[in-house]
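Reader: I am new to reading structures. Please take me through one part of this one closely, and then show me what surrounds that part.

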Amino acid sequence: MKNILFGMWQSLRHYRRQAVIFTILGCVVVLSVISFRTMPIVAQPASTSSERPAMKAPNFGRHFQEFGREGSILIYDSKNNRTYEHNPKRNTTAIAPASTFKIFNALVALETGVIPDDVAVLTWDGIHRDIDAWNHDTNLRQAFKDSTVWFYQVLARKAGYERMQQFINKVGYGNRQIGTAADIDRFWLEQQLLQITPQEQIKFLQRLYQGDLPFSQRTMNLVKDIMVREQTPDYTLRGKTGWLTSTKPNVGWFVGYLEQNKNVYFFATTLDMYKPEDAPVRIEITRRSLKDLGLLAHIN
């Protein structure tokens, strides 16, 4: 009888151990399921043979190094909502827009009627300036191309301080500071007044492209037309240069956008400038950077 009872007790201990083990294993499984359900899951895009491989971020900095100049560039791919840049800190630093402000100035002049169109001529004031192309009568389109400062100063004076400030505020252009009425013909040239970052330049250009500015469609279309620098069957490049001389070193701008491959690429480039020979560099660096993205090349 004792042997029977002892055997039953041993069996009971065996079953209890198994029950404990199964209970522990069950808890582990439950906790694993709970942890899995609460874990954030990152969706991976399905890969197909027709997909293009992701483009490696290009090294725009090498272009500045080749010319031995400090600067920055920001390119925004609107279709893919992707930004490429060199020197991010500088791309968020505000400086005076210099002659890139001619884009805005032309919009205001046309909208207010101080000049009726792009071919109306203003008479040269007879003051000789260092750039020969400025020393003659000219119109809005040619003055934009030659970056004729006196022409756009006349437009700003005709538009007047109050109307200019109103449009600056409506658009939210840069820091919106245009000084006083006495500064009406130079506030975009002085570092301590109107300032804008490369990022803000691109946002402004996006709104111009989309027709999302407080100007008539005619005005915006006309300004976009005079901005064209290159046009081929494959692409259209619009832009405006600027040269800020009120800082040391001087700073060169090149801003605009490229339409190619059913897409729009907005860009803003800045460059430290020390001599006249530096002027083409801001454009060349921009072109090289766009080519790094497979643009500005002949399409078969």
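Author: Start with a definition: a residue is called buried when its relative accessible area is under 20%. Keep in mind that this is a predicted model.

Now take strand 7, residues 250-260. How many of the residues of strand 7 are buried? The count is 10 of the 11, so strand 7 is largely enclosed by the rest of the structure. For the chain, buried residues make up 45% of the 300 residues.

What lies beside strand 7? Begin with the sheet. It is an open sheet of six strands, in the order 2-1-8-7-6-5, and the pairing is antiparallel. Read that order and you find strand 7 between strand 8 and strand 6. The edges belong to strand 2 (82-86) and strand 5 (228-231). Each edge strand pairs on one side only. From one strand to the next, the twist averages 15 degrees.

Helix 8 packs on this sheet. Helix 8 touches strand 7, and also strand 1 (71-77) and strand 8 (263-273). The direction of helix 8 makes about 145 degrees with that of strand 8.

Look at the two neighbours in turn. Strand 6 covers residues 235-244. Strand 6 and strand 7 are antiparallel, with 10 bridges between them. One bridge sets leucine 244 against valine 251 in strand 7. A hairpin of five residues makes the connection from strand 6 to strand 7.

On the other side, strand 7 and strand 8 also run antiparallel, joined by 11 bridges. Glutamine 260 faces asparagine 263 in strand 8. This hairpin has two residues between the strands. Asparagine 261 takes a positive phi there, near 55 degrees.

Go one step further, to the edge. Strand 5 pairs with strand 6 over three bridges, again in the antiparallel sense. Valine 228 has arginine 238, in strand 6, as its bridge partner. In general, side chains in a regular strand alternate between the two faces of the sheet.

Next, follow a contact out of the sheet. Threonine 197 touches Trp253, along with Asn91, Thr92, Thr93 and Ala94, leaving aside residues up to four places away in sequence. Where is threonine 197? It sits in the loop between helix 7 (161-171) and helix 8. Its relative accessible area is 9%, so threonine 197 is buried. The side chain of threonine 197 also reaches the backbone nitrogen of glutamate 200, at 2.9 Å.

Beyond helix 8 comes another loop, and a ring in it. Phenylalanine 215 lies between helix 8 (198-210) and helix 9 (217-226). The structure holds 16 aromatic pairs. In one of them, phenylalanine 215 meets phenylalanine 104 edge-to-face. Their centres are 6.0 Å apart, and their planes make 85 degrees. Phenylalanine 104 belongs to helix 4 (residues 102-112), so far along the chain that 111 residues separate the two. Both rings belong to buried residues: the relative accessible area is 0% for phenylalanine 104 and 6% for phenylalanine 215. Ring pairs also tie these two into a cluster with Phe101, Phe167, Tyr173, Phe187, Trp188 and Phe204. At Phe167 there is a charge as well: the charged end of lysine 170 sits over the ring, 5.4 Å from its centre.

Helix 4 leads to one more covered element. Helix 6 (residues 149-159) has nine of its 11 residues buried. Among them are Trp150, Phe151 and Tyr152. The cover includes helix 4, helix 7, helix 9 and helix 5 (140-146), with strand 3 and strand 4. Just after helix 6, glycine 160 takes a positive phi of about 90 degrees.

Trp150 brings in a last residue. Arginine 129 touches Trp150, and also Trp124, Trp134 and Asn135, not counting residues up to four places away in sequence. Arginine 129 is in the loop between strand 3 (121-122) and strand 4 (138-139). At 18% relative accessibility, arginine 129 is buried, because the cut-off is 20%. A polar atom of its side chain lies 2.9 Å from the backbone oxygen of isoleucine 127.

How values were computed: Residues numbered from 1 in each chain as written. Predicted model: local features only at pLDDT ≥ 70, side-chain atom pairs only at ≥ 80, totals over all residues. Heavy atoms only, no water. Helix = DSSP H or I, 4+ residues; strand = E, 2+ residues; numbered from the N terminus. Buried < 20%, exposed > 50% of the residue type's maximum accessible area, 1.4 Å probe, protein only. Polar contact = N/O pair within 3.5 Å; in protein donor to acceptor, adjacent residues only side chain to side chain. Contact = heavy atoms within 4.5 Å. Phe/Tyr/Trp six-rings, centres within 6.5 Å; stacked < 30°, edge-to-face > 60°. Lys NZ or Arg CZ within 6 Å of the ring centre and 35° of its normal. Pairing = 2+ DSSP bridges. Axes fitted to C-alpha atoms, helices over the stretch in contact; angles between N-to-C directions.
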